[in-house]
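Me: Could you take a close look at one part of this model for me, the packing of a pair of helices, and then connect that part to what surrounds it? A friendly walk-through would be perfect.

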Amino acid sequence: MTTAPTLRQHAEEEASRLPALLARAEQLAGTVLLGDHGRRRAGLGDDFWQYRPMAAGDSYRAIDWRRSARGDSQFVRDREWQIAQSVLLWVDQGASMRFTSGRNLPSKADRARLLALATTVLLIRAGERVGLTGWSLPPRGGRPQIARLAAALSDDGADDYGAPEARGMLPHARALFVSDFLGDIAPVEAALTKAADRGVRGVLVQVLDPSEEAFPFEGRTIFQSVGGSVAHETLKAGDLRGRYLDRLAERKGRLDALCRLTGWQYQCHHTGDSAQNAMLWIWRAMDGGHG
Amino acid sequence: MTLFGALGFTTPWLLVGLLALPVLWVILRAVPPAPIRRLFPGVVLLLGLRDEEQVSDRTPWWLLLLRMLAVAAVILGLAGPVLNPETDEEAAGAAPLLIVMDASWASAEAWRAQETALGAVLARAGREDRPAAVLRLTEPEATTFAAADTVASRITGLIPRPWEPDAERTGRAIEFLPEGAFDTLWFSDGIARESRTPLLEALQGRGSVTVYESPETLFALAPARFEDGNVALSLQRLRPGPEREVRVVAQGRDPSGAPAELAALPVTFADGAVLAEGELSLPAELRARVERFEVVGTASAGALTLSDDSLRRREVALIAGSENREGLELLSPLHYLERALEPTADLIDGALPDILPANPDVIVLADVAALGGEEEEVLDWVEDGGMLLRFAGPRLAGSELSREEEDPLMPVRLRAGGRSVGGAMSWGEPKTLAPFDAESPFFGLDVPPDVTVTAQVMAQPDPTLAERVIAQLTDGTPLVTRKRVGQGQVVLFHVTANAEWSSLPLSVLFVDMLERLAVSSMPAEPEAAELEGTTWEPQMVLDAFGTLRDAGTLPGVDGAALATGALGPDLQPGLYQGEDRSLARNVVTAETEIRPAVWPDDVPVRGLAGPEETPLAGWLIALATVLLFADVLASLALSGRLRGARATAGTAAALVALALLMPGHARAQETGDSQGADVDFAIAATSEVTLAHVLTGDAELDSLAAAGLRGLSDTLFFRTSVEPSDPMGVDLETDELAFFPLLYWPVTPDQPTPSAEAYAKLNEYLRSGGMILFDTRDADIASFGAASPNGRKLQDLAAPLDIPPLEPVPQDHVLTRTFYLLQDFPGRYASRDVWVEAAPADAEFVEGMPFRNLNDNVTPVVIGGNDWAAAWAVGENGQPTTPIGRGFAGERQREIAFRFGVNLVMHVLTGNYKSDQVHVPALLDRLGQ
């Protein structure tokens with residue numbers, strides 16, 4: 001079982017392989033808080049932006065006397081307007097995520113948490129505020145938040161298939177949903193629709209086990225969900241393969257379509273592949289390609 | 001038992017179970033294989049999917065067939081199928097059953113089978129309510145019929161006897177036959193005998209006769225004979241057969257007294273032959289310890305022969321007072337003794353101190369007065385049972401031995417001078433021998449009238465004289481006297497051992513007397529006449545199975561009967577002890593000839609076991625197991641569960657196969673080349689003189705040794721007429737050493753100790769003139785104490801070697817002057833202590849001679865610690881590779897080291913040649929020049 005410290009350590013390792021990720025702030029309005037993201041215009045902030053001649057209405061306190069002493073006119077020092085972005089995470093904690101088909105493969109939950117926390121580490125390092133959807137852990141900045149998130153992500157859910165938590169989403173925040181999305185798709189649709197309504201854009205990462213992709217089963221088999229709530233018996237598992245794969249492709253297609261509709265981005269990741277690939281993709285998606 | 005042609009079933013009703021097979025087919029067909037439960041999160045995607053084919057869930061027909069076959073095989077197997085079952089052909093007559101058993105030594109081999117067959121016969125008789133009786137031909141007793149069960153309970157008490165049912169016993173058996181009509185089962189031992197016919201006729205007069213005979217081969221081992229220095233063994237088998245090799249072993253006691261197998265001899269019967277001969281060459285000591293010869297893997301007294309004194313040759317040590325009379329062989333004091341004893345005894349030559357540890361049976365002192373300080377040891381030896389045989393002569397007569405006081409090693413006191421009769425200068429005629437007394441060991445020997453005595457030593461009259469005289473002359477003077485000392489005895493012939501004083505040694509009586517004194521061994525089987533009147537006490541007796549037992553309280557046996565009498569309860573085979581020798585009586589004698597018994601055609605002959613009966617149950621059950629295993633695999637494959645198992649099993653199988661193949665492959669390559677490599681090695685080593693170093697396994701040291709010997713070889717090439725080729729490294733375990741005059745052996749603390757075979761090779765090398773230069777390479781800091789690890793290792797390495805006593809190189813050792821004049825033998829170190837074989841103890845300095853006269857051999861070892869190889873070592877370009885000392889002094893030391901090497905090789909190649917040169921001045925002086 002992945003405990004919080006080891007999860008964090010793995011995540012730090014993953015995060016250390018990427019350049020600092022600066023999430024792009026799409027909207028400066030709304031949840032304005034001072035942060036590291038310059039808006040390339042003068043405003044409230046810590047970083048120097050420009051000197052400009054003193055104009056009417058500027059108070060004397062605003063005059064930068066050191067600069068003004070070099071000439072005859074008075075200059076005012078402008079600072080760049082800076083904000084911080086909020087990123088909301090949802091990682092599926094359902095029992096189905098705890099599945100793995102081989103001894104050498106990580107479980108889907110492991111991989112999902114790793115990706116989520118690695119993203120967190122990068123975002124926090126870049127000064128963003130990261131939290132969970134819902135009310136349990138609102139977005140905050142600073143390294144202690146990494147530990148809090150790691151602890152929160154380590155919890156296992158009781159349900160067989162998790163449903164996305166769409167409450168508490170800050171308007172115009174960014175979101176990262178990691179799940180296998182094998183459960184009922186209706187809550188996902190609802191959550192994404194709600195998010196789109198509130199201007200939240202994000203990334204949907206579907207984590208699948210290789211056996212779920214290949215369906216390498218033969219003979220008479222009773223398939224059970226990990227939580228044991230759903231079972232299906234077949235006499236010849238091999239015959240089901242084609243139809244199962246069709247359904248899986250259909251599910252993926254539906255998720256993709258949903259994302260296109262709502263402005264999200266969709267990616268399918270397999271636990272048999274390297275986590276780095278998924279991380280890179282998430283970074284690019286979160287950055288919006290505008291490095 | 002129910003029969004279906006050649007196939008029978010012991011429990012045929014089980015075959016009904018075959019009827020259940022169709023039912024089983026239907027049931028198995030209906031039941032689909034058990035499902036596997038799998039966790040699979042994608043199950044939600046499967047919900048609602050239906051199986052297309054409903055039929056394929058059933059077990060496939062071939063799997064069903066497999067299972068049916070397995071079940072059928074189990075049913076058939078449990079029904080007890082027997083191929084060619086033995087059927088009861090014997091008419092179950094109501095007549096009583098008489099069981100006649102040969103019960104001889106020849107039955108012992110198959111006794112267990114006989115008991116089993118007898119048990120079966122009696123059990124059947126019991127079921128048929130037939131009374132039975134058992135008659136053993138080796139021990140005929142009055143027989144009455146009793147209930148078969150009662151007889152069966154006595155089977156275990158019946159044992160075979162180690163003698164044969166001869167005519168007399170068979171005759172008695174005929175008398176003991178019970179009244180009335182009966183059927184007979186005859187358990188024969190398979191050996192043809194004259195006495196069988198009357199008994200068979202008598203039995204056939206009463207009813208039917210059936211013979212049981214074991215088809216097993218029976219061996220008869222004749223007593224071992226001593227021929228031409230070898231032990232000759234002859235082995236018979238009952239029936240001719242294919243070529244067969246039989247192992248005959250000599251059992252005895254090892255020096256610690258524990259029973260051991262002393263020697264083994266494979267004896268081969270040619271195809272169709274019934275007789276096989278073999279010869280075993282045994283040293284005298286080993287031969288004397290042999291107690292019995294037996295055929296391995298048999299349990300019969302006939303396949304075993306006890307050995308007695310006839311095989312044992314006494315060891316006689318001959319010592320004469322005056323030996324240095326070359327050319328006068330007939331006058332040699334030992335000539336007649338040697339001629340008399342040579343055929344029957346092992347003679348030992350040598351000095352007394354060397355002989356005594358060999359513990360001979362007899363020491364003969366021919367005209368020896370003084371024993372040179374060994375009296376104590378000789379006395380101890382006599383008291384332990386040795387026999388000291390002395391002959392008089394001029395020296396004994398002239399000595400003061402046993403003159404005033406009786407010497408413990410002389411039977412009597414002697415008068416001074418002795419006497420001479422019948423010579424040219426004396427009165428009287430030569431004396432002849434008086435007949436022997438009844439108490440004398442010579443009693444019964446004929447005295448030839450032409451044996452005369454012209455001189456003798458005279459005994460002092462003593463109170464004990466009369467009882468010590470065992471042979472005397474006609475005038476009553478003693479000729480042979482004897483005294484018992486402890487367990488041994490001292491015997492004195494008052495004449496010489498040659499023909500100077502008497503003609504006794506020329507006569508056959510001399511040989512007979514020596515034999516009676518047990519100086520010589522008994523030549524062969526004793527004649528009955530020789531043993532007339534003696535009584536022999538049984539020591540160990542044999543039973544029919546060939547087991548030796550203590551004879552216990554068995555009475556003594558008359559000698560004549562022992563030699564010729566037939567074996568029986570009164571004369572059991574075994575080992576008999578006479579007065580001073582033992583005699584073995586074996587079951588099989590030299591005359592015994594065994595032939596298979598031939599029965600009339602109307603007598604049915606059966607084996608003890610039905611060899612043709614083949615139970616098939618085991619095979620069928622095995623087949624069922626294999627089928628079921630195949631079913632397991634097939635079921636797993638069908639249900640998709642075989643994949644994981646197959647991967648691991650496949651990997652393991654591949655690994656095992658690989659592991660098996662790899663060394664075999666490598667070995668095959670090795671053996672192919674080894675022959676050629678050996679020849680190449682021999683040619684390379686022998687085409688020129690080649691120096692060699694022992695490979696220590698330390699690569700650096702080995703290359704240093706090779707470089708050192710290369711340097712030495714170059715030096716020899718430049719400076720001397722010895723022109724060696726490149727040095728070679730030798731592996732003591734595999735390489736032949738005989739090609740090399742010198743082995744350089746650098747000692748490291750961690751080199752492997754050679755095997756026993758390698759040490760045998762090294763000792764052979766040292767004995768045949770090779771030399772080993774041991775180099776501890778530690779500057780001899782410990783002076784061969786055990787303090788240095790190299791020194792300790794050297795002690796370990798050299799302990800099994802045959803190395804003579806050593807001493808530091810003396811100043812006049814030939815090693816100091818074989819080529820260069822040297823007094824130091826430095827290598828990389830300049831320690832002086834170099835050890836060589838010690839000079840003989842009697843070498844002395846002679847005035848005016850620079851060197852002692854050491855006509856010694858090449859010293860087999862030179863031991864030092866100066867690391868000579870380092871000083872000699874040169875690279876490929878001929879330049880020294882190892883720095884020695886400092887500056888010019890170091891170069892000088894290297895030069896001296898090379899000179900030592902040259903001297904050493906010269907010493908090995910020329911031996912003591914330079915030692916001989918010291919004689920040149922003396923020779924020139926003698927020639928008057």
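Reply: Happy to. In this predicted model, helix 6 of chain B and helix 7 of chain B come out roughly parallel to each other, because the angle between them is about 10° and angles under 35 degrees count as roughly parallel. Their axes lie 9 Å apart. Helix 6 covers residues 167-176 of chain B, and helix 7 covers residues 196-204 of chain B.

Which residues make the contact? Helix 6 of chain B brings T170(B), A173(B) and I174(B), while helix 7 of chain B answers with P198(B), L199(B) and A202(B). By character, five residues of this contact are nonpolar and one is polar, with no charged residue taking part.

Elsewhere in chain B there is an open sheet of four strands, in the order 13-12-15-16, with antiparallel pairing. Strand 13 (259-269) and strand 16 (304-306) of chain B each have a single partner strand, so they stand at the edges and one side of each is left without a neighbour in the sheet. From one strand to the next, the twist averages 20°. At the strand 16 edge, three bridges tie strand 16 of chain B to strand 15 (residues 290-295) of chain B, and the two run antiparallel. Within that pairing, F293(B) has T305(B) of strand 16 as its bridge partner.

Strand pairing also crosses between the chains. Strand 8 of chain A and strand 3 (residues 36-39) of chain B run parallel and are joined by four bridges; one of the partners is I36(B) in strand 3 of chain B, which is matched with T221(A).

The wider contact between the chains takes 30 residues from chain A and 24 from chain B. On the chain A side, strand 8 (221-224), strand 9 (231-234) and helix 7 (237-262) of chain A each give two or more residues. Helix 7 of chain A supplies the largest share, seven residues. That side of chain A is mixed in character, with twelve nonpolar, eight polar and ten charged residues.

Finally, a word on confidence. Chain A has a mean pLDDT of 78, and 84% of its residues reach 70 or more. Residues 17-35 of chain A are a stretch to treat with care: the pLDDT there is below 50, although the model gives this stretch 51 contacts beyond near neighbours in sequence. Where pLDDT is low, predicted coordinates should not be read in detail.

Methods:
Residues numbered from 1 in each chain as written. Chains lettered and ligands numbered in written order. Predicted model: local features only at pLDDT ≥ 70, side-chain atom pairs only at ≥ 80, totals over all residues. Axes fitted to C-alpha atoms, helices over the stretch in contact; angles between N-to-C directions. Contact = placed C-beta atoms within 7 Å. Nonpolar A, V, L, I, M, F, W, Y, C, P; charged D, E, K, R; others polar. pLDDT = per-residue confidence, 0-100. Pairing = 2+ DSSP bridges.
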